[in-house]
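Student: I have a structure open on my screen and would like to learn how to read it. Could you walk me through it?

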Amino acid sequence: MPFVTAQTQQRQYDVIVVGSGAGGGQSAYTLCMDGAKVLMLEAGRNYSYTESSMFRTPELAPLRGASTPDKPFGFYDATVDGGWSVPGEPYVRTSEEDAGRFEWWRARMLGGRTNHWGRISLRNGPYDFKPYTRDGLGFDWPIGYDDVAPYYDKVEMLVGIYGSNEGLENTPNSPPGCLLPPPKPLVSDLLIAQRAKRLGIPAIPGHRAVLTRALDHQGVPARLHPGNARAQRILAEDMRARAPCLWATPCGLGCSVRANYQSTTVHLPPALMTGNLDIITDAMVREVSLGRDGRANGVNFIDRTSGREQHATARVVVLAASACESARILLNSKSAQFPQGLANSSGKVGRYIMDTVGSSVSGQIPLLENLPPLNEDGADGHALYVPWWLYGEQLAGKLGFARGYHIEIGGGRRMPGLGTGAGLEWLTGGSYGKKFKEDVRRYYGSFVGFAGRGEMIPNDRSFCEIDPTVKDKWGIPVLRFHWQWSDHERRQAAHMQTTFGDIIAAMGGKLREPVETDGAKAIAPGGSIIHEVGGTIMGADPASSVTNRWNQTWDVDNLFINDGGVFASNADKNPTLTIMALAWRASDHILSRLRRKEL
Amino acid sequence: MDRRTTIKWVLAASATWPLLRAGHARAYSIPTPVGYGSDPDLSRTYLPGELWPLTLTATERQLAATLSDLIIPADERSPSASAAGVVDFIDEWISAPYPDCLIDRGIVLAGLVWLDEESARRAGSNFLGLERAMQTAICDDLCDATRAATSLREPARFFARYRDLTAGGFYSTPIGRTDLQYIGNVPRTTFDGPPLALLESLGLA
């Protein structure tokens, strides 16, 4: 009986995992496949990938599927009970101005935020773990690329990531057998690549968690679980149940054939098949509970269906509730022994929250007008991307900002929708009537978009703490966010804008208005890219970090943070793949210590 | 989302309604102040009016249809906007309790009233009663906000927004997808990318 309740849970588990997203899903998978008994607690409701509305079209939805505060990424988006505001679960912002605002995106459902992401899965490179050593800013991680690389390999093989090996600086290759072949680029991708190359900007195949072909169910299980025949058998069976991409429908709607990664399509099915995983949904964890020995002995949570507080017990507690939610749980876990919150002797819990620097520009490309009918659904974008290409110039101090960004590109004859034909006056002179219909046909599919995704350097003014007065509907004190960008991020955003304008110009394209060269205006508000990490950063020194190199809190031996909270820097590479790699690595460590009876 | 939140949104939206005057109080009243919630049934098909009551009167719907069809008339490839259900969509849109919709509610309701008033000023009739050429003359004065007379700036803003809603309502239907020769959203076993001949013609192969 894998889905249990507060009443039907077992008395004792080896490990409690709080959260069911990338970090929680990977932790449960790794622990259960090796025999540990795990209880997973998810704050939101149960969710199955079979709920996906993949092929449904806008005219069947309210408001033609438009984004609303109830469904911020559109009616059919897989995320339910989620967004930048969640009913009954407020948070406090110290500023409403764009420059100082932080928006906190949450998903209260099984699979958490893995139900909404771009599936972009880039490895951090060697520089990304040692940024302080490289330029004197931010913090080094206590681990390097070589420590994480074997886990990137494993995650890529398990999840199914497409991509290629290009051997570019700080853009690691994967060993043979890790990556699936990348999808064919669209016309717009190829035109962008051709013109960007003339500017010295490389466009290479992207990496995404989408099965471009069936997984190697004969080879991969033995590589991932050597000596563990049962795990191999379970994984092989589950890999056979995942279908390759259907080359249709946006991944954000979820995937009922399990061709893309959500925790519920990849991690949870095999973990449940082991019989070692119990899951309680609608379980909102309030605090980690402590034994008299000062070690964690479980968690206290609110059963959202009854509103009652419940307790669960385990030898080890893993928080993977998302960077800020895990920090909130620690800060709310106050006791005589830990008056500033648990694992917070450094005072660093909640500190150094980092999002990704985001800025975007779109342009209209006459060369792409009036193309013949083409099915360009593909694998839902990101066939090509631009990795950061100016490492040398940056290190030489020529750019005025210290860290890089990559470029995500978009275009193609995608499914028409509410935005089609809107805002064309700058091209049409305000046509209406038959001329307007011809204009829409002409311009449909001729737009390209560029989104910069850059590294933010951790700073002292971007953090969260417990608000002294506001509580959520369960009575749990909520977070208050402080946010500031530095010139490094603002200048980086301005550089993005200029670069995108240059590429559009090189394509013979048009801009509706000039690019925004004021970085403060070009940068998207904090939290809006939904890549927030930090808050429980790992380090080599207990005085200045919350966790050690094993995601283990310095203060509490059997308490681990397996989400993005442990990131000591936030490279331009999207964080999910690294969250999974670190969660696998930390879970291996937990297993070995459980076996040695150290935990 | 609760009633209080919606009222806050209505007040914020009303600040963006310069065309609105006394007598347009309907714009402020939202019949159902809550939306479909954060966990709606995605597998159901929703018809306009099912989730929240619609707003437009029969006469306004006629006016809306006429304007939508001036923007997207039938041609040899596809039918007109109203034939594709655009009026139902616009009515659903301006009746919904969400911030963007509330802003458009004021713009559209006031804009429709303005059209009749302007028609009366120019020809002593409401918009529906005008000769086609006179209807087109009004649209010509509004269709490009950058060239519109200062006195017509707000009506031009209404026209631009109404054109966007008409286009969005039209192209998000099977009729609109066919018009644009969109051929995706079908499962396939392979994705072969663009044909070589096309890439060659664009200098990309």
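Tutor: Let's go from the whole model to its chains, then to single elements and residues.

Student: Where should I start?

Tutor: Start with confidence, since this is a predicted model. The model scores ipTM 0.95 and pTM 0.96. Chain B has an average pLDDT of 92, and 97% of its residues score at least 70.

Student: Why should I look at pLDDT before anything else?

Tutor: Where pLDDT is low, the predicted coordinates should not be read in detail.

Student: What secondary structure do the two chains have?

Tutor: Chain A comes to 16 helices and 21 strands. Chain B has eight helices and zero strands, so its pattern along the sequence reads α-α-α-α-α-α-α-α.

Student: How do I judge the overall shape of chain A?

Tutor: Compare its radius of gyration with that of a compact globule. For 599 residues the rule gives a value near 25 Å, and chain A has 23 Å, which agrees. Along the principal axes, the C-alpha atoms of chain A fill a box of roughly 75 × 50 × 45 Å. The box for chain B is roughly 60 × 45 × 30 Å.

Student: How much of each chain is buried?

Tutor: A residue is called buried if 20 or more other C-beta atoms lie within 10 Å of its own. On that count, 59% of the 599 residues in chain A are buried. In chain B, buried residues make up 42% of 205.

Student: What share of the contacts joins residues that are far apart in sequence?

Tutor: Take the contacts with a separation of 6 or more and ask how many join residues 24 or more positions apart. In chain A that share is 73%, and in chain B it is 63%.

Student: Can a whole element be buried?

Tutor: Count its residues one by one. In helix H10 (residues 323-332) of chain A, nine of the 10 residues are buried, so the helix is largely enclosed by the rest of the structure. Among those buried are Cys324(A), Glu325(A) and Arg328(A). Strand E1 (residues 13-18) of chain A is a similar case: five of its six residues are buried, so the strand is largely enclosed too.

Student: Which strands pair with E1(A)?

Tutor: Look for bridges on both sides. E1(A) runs parallel to strand E12 (residues 308-319) of chain A, with five bridges, and parallel to strand E2 (residues 38-41) of chain A, with four bridges. Val18(A) shows both pairings: its bridge partner in E12(A) is Leu319(A), while in E2(A) Val18(A) stands opposite Leu41(A).

Student: Where can I see antiparallel pairing?

Tutor: Follow strand E10 (residues 283-290) of chain A into strand E11 (residues 296-303) of chain A; seven bridges join them in the antiparallel sense. Here Met284(A) has Ile302(A) as its bridge partner in E11(A). E11(A) also pairs with E12(A), again antiparallel, over six bridges, and Val299(A) stands opposite Ala312(A).

Student: What should I check in the hairpins between those strands?

Tutor: Check the backbone angles of the glycines. The hairpin of E10(A) and E11(A) has five residues between the strands, and Gly294(A) takes a positive phi near 80°. The hairpin of E11(A) and E12(A) has four residues between the strands, and there Gly307(A) has a positive phi near 80°.

Student: How do I test whether a helix is straight along its length?

Tutor: Compare the expected span with the distance between its ends. Helix H4 (residues 99-123) of chain B has 25 residues, which at 1.5 Å a residue should span 36 Å; its end C-alpha atoms are 36 Å apart, which agrees. After H4(B) comes Gly124(B), with a positive phi near 65°.

Student: How do I describe where the chains meet?

Tutor: Count the residues on each side, then ask which elements supply them. Here 55 residues of chain B are in contact with 60 residues of chain A. Helices giving two or more residues to the chain B side include H2 (58-71), H3 (86-94) and H6 (153-171). H6(B) gives the most, with seven residues. By class, the chain B side has 32 nonpolar, 14 polar and nine charged residues.

Student: Can we finish with one residue, Val478(A)?

Tutor: Place it in its element, then look around it. Val478(A) lies in strand E19 (residues 477-482) of chain A. Val478(A) is partly exposed, with 18 other C-beta atoms within 10 Å. Leaving aside neighbours within four places in sequence, its contacts include Pro90(A), Tyr91(A) and Asp467(A).

Notes:
Residues are numbered from 1 along each chain as its sequence is written. Chains are lettered from A and ligands numbered from 1 in the order in which they are written. This is a predicted model: local features need pLDDT of at least 70, side-chain atom pairs count only at pLDDT 80 or more; totals for chains, interfaces and linings use all residues. The expected span of a helix is 1.5 Å times one less than its number of residues. Two residues are in contact if their C-beta atoms, placed from the backbone, lie within 7 Å. Ala, Val, Leu, Ile, Met, Phe, Trp, Tyr, Cys and Pro count as nonpolar, Asp, Glu, Lys and Arg as charged, and the others, Gly among them, as polar. A residue is buried if 20 or more other C-beta atoms lie within 10 Å of its own, exposed if 12 or fewer, and partly exposed in between; C-beta atoms are placed from the backbone. The radius of gyration is taken over C-alpha atoms; the globule rule is 2.2 Å times the number of residues to the power 0.38. pLDDT is the predictor's confidence in each residue, from 0 to 100. Two strands pair if DSSP finds at least two bridges between them.
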